[in-house]
Each structure stands twice: as C-alpha cells, then as structure tokens.
Amino acid sequence: MSKNKAKIIGMTVLTSTVLLSGCGLFNTETQKKIDPPKTVTVKEGAVSKETMAKEKEVAKNTVKTELYLIDKDGYVVPQTLALPKTTSVAKQALQYLVANGPVTDMLPNDFRAVLPEDTDMSVDINKDNGVATVNFSKEFKNYQPEDEQKILQSVTWTLTQFDNIKSVKLKMNGHELTEMPVNGTPVSENLSRATGINIDNTDVVDITNTKPVTVYYMGGEEGSYYYVPVTRRISNAEKDNYAAVVNELIKGPSAKSSLVSEFMSDVKLLDAPKYENGTVTLNFNKNIFDSFKEKEISQSLLDTLVLSLTEQQGVEKVAVEVDGKTGILNDKGKKVSEPVTRPEKVNTGSF
C-alpha cells in the first residue's frame with residue numbers, strides 16, 4: 001500500500017521503562033502504564049485499589065519480552081508480552097514461540113506462533129562470543145514450507161533482543177543445521193539481525209551492489225496499529241545511511257504491501273543528517289507537519305524515525321528539527337524538546 005497518513009494519529013503501541021530521556025516521545029505513556037495514581041476514588045466502573053494491587057503483583061512476577069510472531073499478512077512482528085520471571089529467559093522466549101504452547105492464550109488478535117507444535121529445545125549461550133546455540137527436537141521440521149524464512153527471522157530476532165546474545169546457531173537432534181529441513185533455505189553458522197527481517201527486494205535488479213537497511217512501517221488496522229520492521233536494499237554507493245533510512249520511510253512500503261507509512265512524498269531533509277555522540281539530528285521541511293495549522297508532527301511518524309534510525313550501529317538517540325527549529329509539538333500537544341531514545345520494547349499495546 002502506498003503512503004497513508006489517515007487514521008494513524010493517536011496510536012499508543014510503544015513504551016519504555018528506563019531508556020527514555022528528557023520529555024521524549026514515549027514518556028507520557030510510560031508514566032500512565034507504570035506509575036498508578038497515589039490517591040484513588042473508587043466509582044462505579046473505576047479501577048479499584050484491589051485490582052491495582054493485583055496488577056502490581058503480576059508486574060513483580062513477570063518480565064516484558066519481545067516475541068517475534070506472525071501477523072495475518074505474514075509479517076514477522078515483535079509483540080511485547082509479560083512472561084513469568086525465570087532464570088532461563090532465552091529458552092522461555094523460544095518456548096513462547098511454539099504453536100499451541102504457553103503463548104496461546106496471550107496471542108494478540110490475528111497473530112500466530114511460528115514454531116511447530118510440540119517443538120522442544122535447549123539453549124546454550126557462549127558468554128565469550130555471544131553465540132546462542134539452539135538445539136531443537138525432531139518436531140522442529142513439522143512446519144509449512146512458506147514459514148521457513150519466517151522461522152529463521154523469528155528465532156534470530158527474538159533471541160538477539162537479549163544483551164548477551166549477538167548471534168544464533170541452530171541444531172536439530174544434536175546435528176548442526178546448514179540448511180532448513182523442509183525447503184532447504186541455507187542456514188549460516190551464526191545468524192544475526194544483519195541478515196534482515198521481512199526482506200523486501202522490490203525493484204532490486206542487482207542485489208550484489210546493494211546493502212541492507214531496516215526501517216519500520218505500520219501494520220494492523222485502526223485501533224490496533226503496530227510497528228513492523230522491514231529490511232530494504234539500498235545502493236552500495238549510498239554513503240549516508242541515515243539519509244537513506246529517511247528516504248526509505250518517505251518512499252514508503254511496496255505498493256503490493258499491506259503496510260503503510262505516515263511520511264508523505266513531499267517531506268524532505270533540508271540538511272544532511274548530523275551525528276554526534278550517539279545522536280542523529282534531522283532537519284526537515286514543513287511538509288513533515290501533520291497539521292500545518294497547528295504545526296504538529298504525528299507521534300507515530302516520530303516513533304518510526306526513532307525505531308528505524310536506532311537500528312543503525314552507534315545511534316542511540318534521534319533529534320528532530322523543522323526549518324532548523326527545535327521544540328516542535330507532537331499530535332498530543334506535547335513539546336519534543338530533547339533527543340529521543342529507542343524504547344526497550346516494541347509494540348506493547350493492548351489488542
């Protein structure tokens with residue numbers, strides 16, 4: 001689908017617990033979700049103190065974990081779910097990727113698990129090099145051929161969310177997998193995020209002269225939008241990866257895709273992106289405003305910028321200017337006066 005700004009305003013699908021700086025894009029929702037009111041007047045239909053206490057107790061015993069699940073359009077999408085606290089977080093995350101397993105009652109609408117039913121596994125993490133070796137049981141091979149790439153991407157991106165895992169090695173029944181068992185997709189010795197996710201090679205003629213960048217578009221429907229990472233190919237001649245990422249967001253997803261972007265085609269960078277001490281500063285023309293009258297920028301547009309640019313190595317924060325001016329407003333009327341840090345977890349909303 002081509003770029004589309006309609007009906008995306010006001011979505012709330014991202015939160016962070018500790019990584020937000022200043023009065024960045026995600027602070028308001030973080031406060032709402034984490035800091036319950038100190039004083040509560042109980043009315044009919046209101047949340048009771050007892051309910052709030054139960055919710056706090058649940059939060060103490062769970063940890064928010066990104067699970068890369070498959071949506072109704074076949075995209076591999078991170079969904080953040082509260083899983084029981086455990087010392088084996090990597091293995092637990094994979095167990096929650098198994099069809100008809102413990103994730104079943106937690107699945108967001110129109111999402112499904114990616115690993116075949118009854119698949120068991122062990123996970124061994126090499127602390128020296130950050131390689132996680134996953135040994136799947138024989139049930140691992142009981143998947144549909146069209147899911148083969150999705151399984152590789154889901155397992156790799158789910159595991160590499162953890163700081164101590166940089167890449168993944170796969171085995172089945174103790175034997176190293178050099179190719180997937182159903183459709184024969186080659187499996188590299190160490191799978192990493194550099195391989196990409198939801199790979200889109202549309203209009204790529206010579207892939208050998210390109211390099212990958214991962215950007216985030218919008219999936220889902222009104223009232224339940226979520227962010228979807230997509231790996232596109234850009235020319236090796238492109239020297240400015242930050243500008244290339246912005247251009248891919250402006251270009252939008254493939255016309256054959258069900259995804260959308262809030263960027264309109266007349267949005268442009270007025271200057272080359274500036275990088276300093278982990279922060280990328282972008283200066284846009286006024287066409288980035290969601291409302292010319294109010295001079296506001298869509299929150300979800302800003303979110304996709306932060307998510308996409310922080311996929312680039314060394315980028316920790318994103319600062320946005322319009323015509324060289326800072327202190328712009330988002331569509332909530334909040335001033336965005338500080339560079340914004342990527343949230344710890346993606347797609348934490350309710351569905």
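This section describes the secondary structure, strand pairing and helix packing of the predicted model.

The protein contains six helices and 15 strands. Of its 351 residues, 48% are buried. Among the contacts with a separation of 6 or more, 63% are accounted for by residues 24 or more positions apart.

Strands E3, E4, E5 and E6 form an open sheet in that order, with mixed pairing. Its edges are E3 (121-126) and E6 (175-176), each of which pairs on one side only. Helix H4, spanning residues 148-159, packs on this sheet and touches both E4 and E5 (167-172). The direction of H4 makes about 130° with that of E5. Within the sheet, E3 and E4 (residues 131-136) run antiparallel and are joined by six bridges. In this pairing, Met121 is found opposite Phe136 of E4.

A further antiparallel pairing involves E7 (residues 210-221) and E8 (residues 224-235), between which there are twelve bridges. Gly219 has Tyr226 of E8 as its bridge partner. The two strands constitute a hairpin with two residues between them. In the turn, Gly223 adopts a positive phi of about 90°.

Strand E12 (residues 317-322) takes part in two pairings of opposite sense. With E10 (residues 279-284), E12 runs parallel, and six bridges join the two strands. With E15 (residues 340-341), E12 pairs in the antiparallel sense over two bridges. Individual residues illustrate both arrangements: Leu282 stands opposite Val320 in E12, while the bridge partner of Val318 in E15 is Val340. Strand E12 is mostly covered, five of its six residues being buried.

The surroundings of Asn283, a residue of strand E10, were examined individually. With a relative accessible area of 9%, Asn283 falls under the 20% limit and is therefore classed as buried. The C-alpha atoms of Asn283 and Val320 are 6.2 Å apart in space, although the two residues are separated by 37 residues in sequence. When neighbours within four places in sequence are left aside, the contacts of Asn283 comprise two runs of residues. One consists of Lys268, Leu269, Leu270 and Asp271; the other consists of Glu321, Val322, Asp323 and Gly324.

Helix H6 (residues 299-309) is mostly covered, with eleven of its eleven residues buried. The buried residues include the polar or charged Gln299, Ser300, Asp303, Thr304 and Ser308, and also Leu301, Leu302, Leu305, Val306, Leu307 and Leu309. Helix H5 (residues 241-251) packs against H6 at an angle of about 140°, and the axes of the two helices lie 10 Å apart. Because angles over 145 degrees would be needed for a roughly antiparallel arrangement, H5 and H6 are oblique to each other. Their crossing is right-handed. On the H5 side, the contact is made by Tyr242, Val245, Val246 and Leu249. On the H6 side, Thr304, Leu305, Ser308 and Leu309 contribute. By class, this contact has six nonpolar and two polar residues, with no charged residues. In general, residues three or four places apart in an α-helix point the same way, because there are 3.6 residues a turn.

Terms used:
Residues numbered from 1 in each chain as written. Predicted model: local features only at pLDDT ≥ 70, side-chain atom pairs only at ≥ 80, totals over all residues. Heavy atoms only, no water. Buried < 20%, exposed > 50% of the residue type's maximum accessible area, 1.4 Å probe, protein only. Helix = DSSP H or I, 4+ residues; strand = E, 2+ residues; numbered from the N terminus. Axes fitted to C-alpha atoms, helices over the stretch in contact; angles between N-to-C directions. Parallel < 35°, antiparallel > 145°, perpendicular 65-115°, else oblique. Left-handed = near helix turned anticlockwise from the far one by under 90°. Contact = heavy atoms within 4.5 Å. Pairing = 2+ DSSP bridges.
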